[in-house]
Amino acid sequence: MNKESSPIILPPQGIMKLLTFNIQVGNNTSQFHHYFTRSWQHVLPHKNRAKTLQRIAELINKYDLVALQEVDGGSLRSSGINQVEFLAKLAKFPYWHQQTNRNLGKLAQHSNGMLSRFKPTLIEDHPLPGVRGRGAIFTRFGEGEDALVVVAMHLALRRKTRKEQLEYIYNMIAPYKYHILMGDMNAGTVELLEDTALKNLNLVLPQTEATYPSWKPKHCLDHILLSPELKIEQVNVLQQPISDHLPIEVDIRLPDAILANINRFYNKS
């Protein structure tokens, strides 16, 4: 994870503000016909993209941990700008990480992103099963089974492939007690909690409102899933039709065990 400034070590009062957002590489899609009339923006640069990224930066500025999907890592369509780095600097995040999942050279760098106010103990890229192009970012705060693990992901369109991908993620995080899963999962609540390996973790999915398409939401595709020990303070689908997905925010209160674990790590290091 790249460092841009001094770390903030722990969230005040144990409250952590989470956001997940599929930003569609900064394309402002607010009507169905824009998929056709603005399709060229997926391959070519355009002057309004910087304005859209500025709006996104203003939106994410108040959060502690942000998962981004459909971000460009620096190619023709983004005018060579690594959008994760760009947003981290604008929104003043000390730590950021960009994961390239589909490298099309100068044409496109399909990516996920993670932005954090807090210094992670570990961060890893994980390509997911299925056709190349889907990935997850594994981030850990603290050490041992009481560490907090966060996985940011963008899952496949096919249900069978999603099931394989979530089994992979389950095996990765099962040794830990406290989990946050964030991202565009292309799946509904029932599928995630009852028809995948995640059912073994007893996760809570506090948000069930539709997030896609942003202009007339019908499908709940974007999620933040939590271990039951992470107390939920608030949850909202933000009515911000910047992308074709709506962002989700969840505020949680971290248990004392996590805070003590992270404190031990930083005191040791």
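The following conversation goes through some features of a predicted model and asks how each of them earns its description.

Colleague: Before the details, how many helices and strands does the protein have, and what share of its residues counts as buried?

Modeller: The secondary structure of this predicted model comes to 6 helices and 12 strands, and of the 269 residues of the protein, 54% count as buried. Among contacts between residues at least 6 apart in sequence, 69% join residues at least 24 apart.

Colleague: Why are Phe138 and Tyr176 called an aromatic pair, and what makes the pair tilted?

Modeller: Their ring centres are 6.1 Å apart, and because the limit for a pair is 6.5 Å, the two rings count as one. The angle between the planes is 45°, and since stacked rings need an angle under 30 degrees and edge-to-face rings one over 60, the pair is therefore called tilted. By this rule the count comes to 1 aromatic pair.

Colleague: Where in the chain do the two partners of that pair lie?

Modeller: Phe138 belongs to strand S7 (residues 135–141), while Tyr176 sits in the loop between helix H4 (159–173) and strand S9 (178–184), so that the pair links distant parts of the chain, 38 residues apart. Both Phe138 and Tyr176 are buried.

Colleague: How do you know that Val150 is buried, and which residues does Val150 touch?

Modeller: Val150 has a relative accessible area of 0%, and because buried means under 20%, the word applies to Val150. Val150 is placed in strand S8 (residues 148–154), and, leaving aside neighbours within four places in sequence, its contacts include Phe138, Leu65, Met114 and Ile180. In space, Val150 and His179 are 6.0 Å apart from C-alpha to C-alpha, although 29 residues separate them in sequence.

Colleague: What makes Leu166 buried, and what surrounds Leu166 in terms of contacts?

Modeller: The relative accessible area of Leu166 is 0%, which is under 20%, and therefore Leu166 counts as buried. Leu166 lies in helix H4 and touches Met153, Leu155, Leu192, Thr196, Ala197 and Leu198, when residues up to four places away in sequence are not counted. The C-alpha atoms of Leu166 and Leu192, which are 26 residues apart along the chain, are separated by 8.6 Å.

Colleague: Why is Ile242 called buried, given that Ile242 lies in a loop?

Modeller: The word depends on accessible area, and the 2% relative accessibility of Ile242 is under 20%, so Ile242 counts as buried. The loop in question runs between strand S11 (231–237) and strand S12 (248–253), and the C-alpha atoms of Ile242 and Gln24 are separated by 9.1 Å while being 218 residues apart along the chain.

Colleague: Why is Thr208 called exposed, and why is Glu70 called partly exposed?

Modeller: Thr208 has a relative accessible area of 54%, which is over 50%, so Thr208 is exposed. Glu70 has a value of 28%, which falls between 20% and 50%, and so Glu70 is partly exposed. Thr208 is found in the loop between H5 and S10, whereas Glu70 lies in strand S3 (residues 65–72).

Colleague: What is noted about the backbone of Glu70, and what about Asn202?

Modeller: Phi of Glu70 is near 55°, a positive value in a residue other than glycine, and phi of Asn202 is likewise near 55°. Asn202 is found in the loop between H5 and S10, and with a relative accessible area of 56%, over the limit of 50%, Asn202 is therefore exposed.

Colleague: Why are helices H2 and H3 called oblique to each other?

Modeller: The axes of H2 (residues 49–60) and H3 (residues 83–90) come within 9 Å and cross at roughly 55°. Because that angle is neither under 35 degrees, as roughly parallel axes need, nor in the range of 65 to 115 for roughly perpendicular ones, nor over 145, the helices are oblique. H2 passes H3 in a right-handed crossing, and the residues making the contact include Leu53 and Ile56 of H2 and Phe86 and Leu87 of H3.

Colleague: What makes Arg117 a residue over the face of a ring?

Modeller: Arg117 lies over the face of Phe93 at 3.7 Å from the ring centre, and because the distance limit is 6 Å, this value satisfies that part of the rule.

Note on methods. Residues numbered from 1 in each chain as written. Predicted model: local features only at pLDDT ≥ 70, side-chain atom pairs only at ≥ 80, totals over all residues. Heavy atoms only, no water. Phe/Tyr/Trp six-rings, centres within 6.5 Å; stacked < 30°, edge-to-face > 60°. Helix = DSSP H or I, 4+ residues; strand = E, 2+ residues; numbered from the N terminus. Buried < 20%, exposed > 50% of the residue type's maximum accessible area, 1.4 Å probe, protein only. Lys NZ or Arg CZ within 6 Å of the ring centre and 35° of its normal. Axes fitted to C-alpha atoms, helices over the stretch in contact; angles between N-to-C directions. Left-handed = near helix turned anticlockwise from the far one by under 90°. Contact = heavy atoms within 4.5 Å.
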